[in-house]
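Here is a quick tour of the model in front of you. Keep the 3D view open and click along as you read.

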Amino acid sequence: FSAAFEARQVEKTYLGLVAGEIESEEGTIELSLSKISSEAEGWRMIPARKGKPAITHWQRLSVQDGVTLVKFLPVTGRTHQIRIHALAGLGFPLVGDPIYGKADRRVTRTMLHAASLTVQRGEDKPPIVATAPLPADFAILGFSAEDV
C-alpha cells in the first residue's frame, strides 16, 4: 500500500464544506506547501514557492445558504493539503477549521470527509475500493447524500 501511495496509484475522494459560495464549477489548484512554526501560533502549512508541490482537482457539487459542498481529488498527499487549497486556492476555508478558518458553533469539527479510496493492484487483480457514506453532521448545514 505504501508503494501505491508513493507512486500516486491511489485515487482519493474527499468531500468538504467550504465556508463561502464558489462560483466556478470545477478546477485544479496547484500550490506548493511549506511548514512554518511560531511560538504564538504553533505549526501550520502555508503556500510557498519553495515548498513541496501539491495538486488538488475539485468540483462544486451544491450550494446551501452560503456554504459550498466540494468534491476534492488530491493528486499529491501533503499535510493539510485540502485545508490550505480550500483557503488559498478557492478563497474560503473549510467550515469549522480552527487553524485555517474559524470554529463554527454549528459544527464540532472541520467539515472534511474521506469519501472513498481506490487502490489499483495491477492488470490481473481488481482494485481495492473503500467508501464511506456522507456523515450525518453534514445535514446540519443542509447537505445530504443526494447532493453528492
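## Helix α2

Helix α2, residues 81-90, is mostly covered, with 7 of its 10 residues buried. Buried here means under 20% relative accessible area, exposed means over 50%, and partly exposed is anything in between (1.4 Å probe, protein chains only). The buried ones in α2 are Gln81, Ile82, Arg83, Ile84, His85, Ala86 and Leu90. Right after α2 comes Gly91, with a positive phi near 95°.

A word on the ground rules: this is a predicted model, in which local features need pLDDT of at least 70 and side-chain atom pairs count only at pLDDT 80 or more, while totals for chains, interfaces and linings use all residues. Residues are numbered from 1 along each chain as its sequence is written, and side-chain values use heavy atoms, with hydrogens and water left out.

## Overall layout

The protein has 2 helices and 8 strands. Both are DSSP runs numbered from the N terminus: helices are H or I with at least four residues, strands are E with at least two. Reading from the N terminus, the order is α-β-β-β-β-β-β-α-β-β.

What does the radius of gyration say about the protein? It comes to 16 Å, which agrees with the value near 15 Å for a compact globule of 148 residues. That radius is taken over C-alpha atoms, and the globule rule is 2.2 Å times the number of residues to the power 0.38. Along the principal axes, the C-alpha atoms fill a box of roughly 50 × 40 × 25 Å. Of the 148 residues, 36% count as buried. Among contacts (heavy atoms within 4.5 Å) with a separation of 6 or more, 60% are between residues 24 or more positions apart.

## The nonpolar cores

In soluble globular proteins, nonpolar side chains tend to be buried together. A nonpolar core here is a set of buried Ala, Val, Leu, Ile, Met, Phe, Trp, Tyr and Cys residues joined through side-chain atoms within 4.5 Å. The largest one has 12 residues: Leu15, Leu17, Val67, Leu69, Val95, Val107, Met111, Ala115, Leu134, Phe138, Leu141 and Phe143. Strands β1 (10-18) and β6 (67-74) each supply at least two residues of this core. There is also a second, separate core of 10 residues, including Val18, Ile22, Leu90 and Leu94.

For a look around one core member, try Leu134. Leaving out residues up to four places away in sequence, Leu134 touches Leu15, His113, Phe143, Ser144, Ala145 and Val148.

## Thr68 and Asp65

Thr68 sits in strand β6. Is Thr68 buried or exposed? Thr68 counts as buried because its relative accessibility is 0%. Its side chain reaches the backbone oxygen of Gly20 at 2.6 Å and the backbone nitrogen of Ile22 at 3.1 Å. Beyond four places in sequence, Thr68 touches a list of residues that includes Gly16, Leu17, Val18, Arg60, Ser62 and Phe143.

Asp65 lies in the loop between β5 (55-64) and β6. Asp65 has a relative accessible area of 78%, so this residue is exposed. The C-alpha atoms of Asp65 and Leu33 are separated by 31 Å, with their positions 32 residues apart along the chain.

## Two acidic residues with polar partners

Asp137 is in the segment after β8 (128-131). With 19% relative accessibility, Asp137 counts as buried. Its side chain makes a polar contact with the side chain of Arg109 at 2.7 Å. A polar contact is a pair of N or O atoms within 3.5 Å; within protein, one must be able to donate a hydrogen and the other to accept it, and residues adjacent in sequence count only if both atoms are side-chain atoms. Not counting residues up to four places away, Asp137 touches Arg109 and Met111.

Glu11 belongs to strand β1 and is partly exposed, at 47% relative accessibility. Which side chain does Glu11 join in a polar contact of 3.3 Å? That partner is Gln120. Setting aside neighbours within four places, Glu11 is in contact with Ser116, Leu117, Thr118 and Gln120.

## A charge over a ring

Lys35 lies over the face of Trp43, at 4.9 Å from the ring centre. The rule asks for NZ of Lys or CZ of Arg within 6 Å of the ring centre and within 35 degrees of the ring normal.
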